[in-house]
Amino acid sequence: MAYRWGFVDHPWRELRQLQREMNTIFESVFERPLEAAPACNVYAGDTDLLVTCELPGVTLDDLDISVMGDTLTVKGERKPAEEVQREAYHRRERRMGAFSRSIQLPNRVDAENVEAQYEDGVLTVHLNKAADEKPRKITVKSA
Amino acid sequence: MSIVERNEAAPTRTDTELTRQVRQFVPDVDIYETDDSLVLLADIPGVKADQLTVRLEKNVLTIHGRVDPIDVGERNLIHAEYETGDYYRVFSLSDEIDQDRIDATLKNGVLTLRLPKAARAKARQIKVSTESS
């Protein structure tokens with residue numbers, strides 16, 4: 001089938017568009033300030049929730065965890081171990097500074113009974129679902 | 001430069017319980033210089049001290065940290081922003097580093113390597129004496 005290359009059908013149009021998009025993403029990565037918002041995973045059990053966050057290099061004094069309703073907030077600051085001049089860096093990839101993350105959980109939780117552990121740079125928060133959010137087993141009576 | 005990255009593939013490892021290959025990650029690293037040493041900081045959350053290998057062989061520095069997945073019991077993963085996996089990164093060191101005195105500490109998921117400069121690499125003040133004619 002004959003196919004004429006009109007302006008709209010240019011074979012490189014899509015590639016050029018892709019290139020433009022890649023440039024935008026690339027630029028935005030470099031402009032991003034070195035902030036340390038932690039990556040978090042959420043696990044759900046029948047009666048409880050587990051939230052784990054990768055948060056290396058934070059001292060407990062600089063970590064603030066709070067719970068309200070169905071929201072877990074992790075705030076803190078990642079401080080460098082010693083003062084270093086900018087020029088002294090050969091390579092700088094780690095994100096430092098203040099961070100704050102609010103995670104919306106799938107259930108409301110019992111804010112009175114939250115356990116949190118920080119070990120090897122991983123924060124683990126264990127939350128119990130609120131009493132009325134726990135599943136109830138319903139027995140079926142046979143007639 | 002005293003410390004240069006080497007692009008080497010990490011050794012593959014199979015998770016015996018799940019019989020699949022464990023993911024390998026390149027940890028974020030800061031390298032800075034002080035008067036008497038080079039300091040390397042690597043983010044390796046989830047690595048315990050007995051799972052970390054820092055090896056120096058023929059000027060090649062290898063950092064390999066193994067991470068075991070956490071036990072979540074019967075719970076389901078409903079939101080994932082990170083995967084757990086091993087950390088691996090390799091660097092070439094120059095003779096400017098005193099390789100016998102490298103110091104490594106692991107705290108809160110951050111590995112700190114102190115690489116002291118060899119004596120001759122430190123800047124020396126050279127005293128100039130004048131000769132009177």
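## The largest nonpolar core

In this predicted model, the largest nonpolar core is made up of 23 residues, and those with the most contacts inside it are Ile31(B), Leu38(B), Leu40(B), Leu41(B), Ala42(B) and Leu111(B). The elements of chain B that give two or more residues to this core are strand 5 (29-33), strand 6 (37-43), strand 8 (60-65), strand 10 (86-93) and strand 12 (110-116). Strand 6 of chain B gives the most, with 5 residues.

Ala42(B) offers a way to see how parts of the chain come together, for, once its neighbours within four places in sequence are left aside, Ala42(B) is in contact with Pro27(B), Val29(B), Ile63(B), Arg89(B) and Leu111(B).

## A second core

A separate core of 16 residues is also found, and among its members are Leu49(A), Leu55(A), Leu72(A) and Val74(A). In soluble globular proteins, nonpolar side chains tend to be buried together.

## Where the two chains meet

The contact between the chains draws on 26 residues from chain A and 31 residues from chain B. On the side of chain A that touches chain B, at least two residues each come from strand 1 (39-44), strand 2 (48-54) and strand 5 (89-92) of chain A, and the largest share, 6 residues, belongs to strand 1. Sorted by character, the residues on this side of chain A are 14 nonpolar, 6 polar and 6 charged.

Strand 1 of chain A also pairs with strand 9 (residues 76-79) of chain B, running in the antiparallel sense over 3 bridges. Within strand 9 of chain B, Leu77(B) is the residue that stands opposite Tyr43(A).

Terms used:
Residues numbered from 1 in each chain as written. Chains lettered and ligands numbered in written order. Predicted model: local features only at pLDDT ≥ 70, side-chain atom pairs only at ≥ 80, totals over all residues. Core = buried A, V, L, I, M, F, W, Y, C linked by C-beta atoms within 7 Å. Buried ≥ 20, exposed ≤ 12 C-beta atoms within 10 Å, placed from the backbone. Helix = DSSP H or I, 4+ residues; strand = E, 2+ residues; numbered from the N terminus. Contact = placed C-beta atoms within 7 Å. Nonpolar A, V, L, I, M, F, W, Y, C, P; charged D, E, K, R; others polar. Pairing = 2+ DSSP bridges.
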